[in-house]
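Please look over the model below. The report after it covers confidence, packing and aromatic pairs.

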Amino acid sequence: MAPGFPGYITVLVVIALGPSAVLFPSALPVINWRALSLALFFIVLISLLWEATLATPYGWWAYQHEQMVGIFITAWNGLPLEAICVWVAVTYQTVILYEVIRRWKSSGKTARRAFLG
């Protein structure tokens with residue numbers, strides 16, 4: 001395996017976790033944590049069933065190992081750490097974005113006034 005730049009985790013942090021971190025304070029009061037936990041559980045369960053038992057063992061799905069951090073879970077057919085993190089981050093980001101947009105729409109403000117002050 002050739003060393004490379006960890007592109008997958010970089011994109012994950014910049015695109016998924018960056019905006020979520022900025023929007024988190026405004027979404028915090030309205031997040032239903034039990035619903036988020038249940039959604040996160042099922043999303044991760046289904047994605048792991050897909051990736052660890054079907055996609056990677058049969059070659060339907062593959063990763064560029066030089067773009068990974070280098071942590072692979074051997075019990076799940078060498079699944080990279082990023083494969084698990086992406087489903088957690090995307091579920092989290094979806095909930096944060098949904099709640100922020102819902103709060104904005106219910107406020108009656110224009111997008112410019114609501115987001116830029």
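What follows goes through the helices, the cores and the rings.

**Confidence.** This is a predicted model. The mean pLDDT of the protein is 86. A score of at least 70 is reached by 96% of the residues. Two helices mark the extremes among the elements.

| Helix | Mean pLDDT | Rank among elements |
|---|---|---|
| α2 | 91 | highest |
| α4 (residues 111-116) | 75 | lowest |

**Helix α2.** This helix covers residues 33-55, 23 residues in all. From its first C-alpha to its last, α2 reaches 30 Å. That is close to the 33 Å expected at 1.5 Å a residue. Its buried residues are L36, V44, S47, L48, E51, A52 and A55. They pack against β2 (79-80) and α3 (81-107).

**Cores.** In soluble globular proteins, nonpolar side chains tend to be buried together. Here the largest nonpolar core has 8 residues: V44, L48, A52, Y63, M68, L79, A83 and I84. Both α2 and α3 give two or more residues to this core. The largest share, 3 residues, comes from α2. Another core lies apart from this one. That core has 5 residues, among them A27, I31, L36 and V100.

L79 belongs to the largest core. Which residues does L79 contact, leaving aside neighbours within four places in sequence? The contacts are L48, E51, A52, T56, Y63, I71, F72, I73 and I84.

**Helix α1.** A16 sits in helix α1 (residues 7-27). Is A16 buried or exposed? Its relative accessibility is 4%, so A16 counts as buried; the cut-off for buried is under 20%. Not counting residues up to four places away in sequence, A16 touches V11, A89 and Q93. A16 and F115 are 99 residues apart along the chain, and their C-alpha atoms are separated by 19 Å.

**Rings.** The count of aromatic pairs is 7. One of them joins Y8 and Y63, with ring centres 6.2 Å apart. Their planes stand at 80 degrees, so the pair is edge-to-face. Y8 lies in helix α1, while Y63 lies in the loop between α2 and β1 (72-73). The pair therefore ties together parts that are 55 residues apart in sequence. Y8 itself is partly exposed, with a relative accessible area of 33%. Y63 is also part of the largest nonpolar core.

Elsewhere, ring pairs link W50, Y58, W60 and W61 into a cluster. K105 lies over the face of W104, at 4.8 Å from the ring centre.

Conventions
Residues are numbered from 1 along each chain as its sequence is written. Side-chain values use heavy atoms; hydrogens and water are left out. Helices (H or I, at least four residues) and strands (E, at least two) are DSSP runs, numbered from the N terminus. The expected span of a helix is 1.5 Å times one less than its number of residues. Buried means under 20% relative accessible area, exposed over 50%, partly exposed in between (1.4 Å probe, protein chains only). Contact means heavy atoms within 4.5 Å. A nonpolar core is a set of buried Ala, Val, Leu, Ile, Met, Phe, Trp, Tyr and Cys residues joined through side-chain atoms within 4.5 Å. pLDDT is the predictor's confidence in each residue, from 0 to 100. Rings of Phe, Tyr and Trp (its six-membered ring) pair if their centres lie within 6.5 Å; planes under 30 degrees apart count as stacked, over 60 as edge-to-face and the rest as tilted. A charge sits over a ring if NZ of Lys or CZ of Arg is within 6 Å of the ring centre and within 35 degrees of the ring normal.
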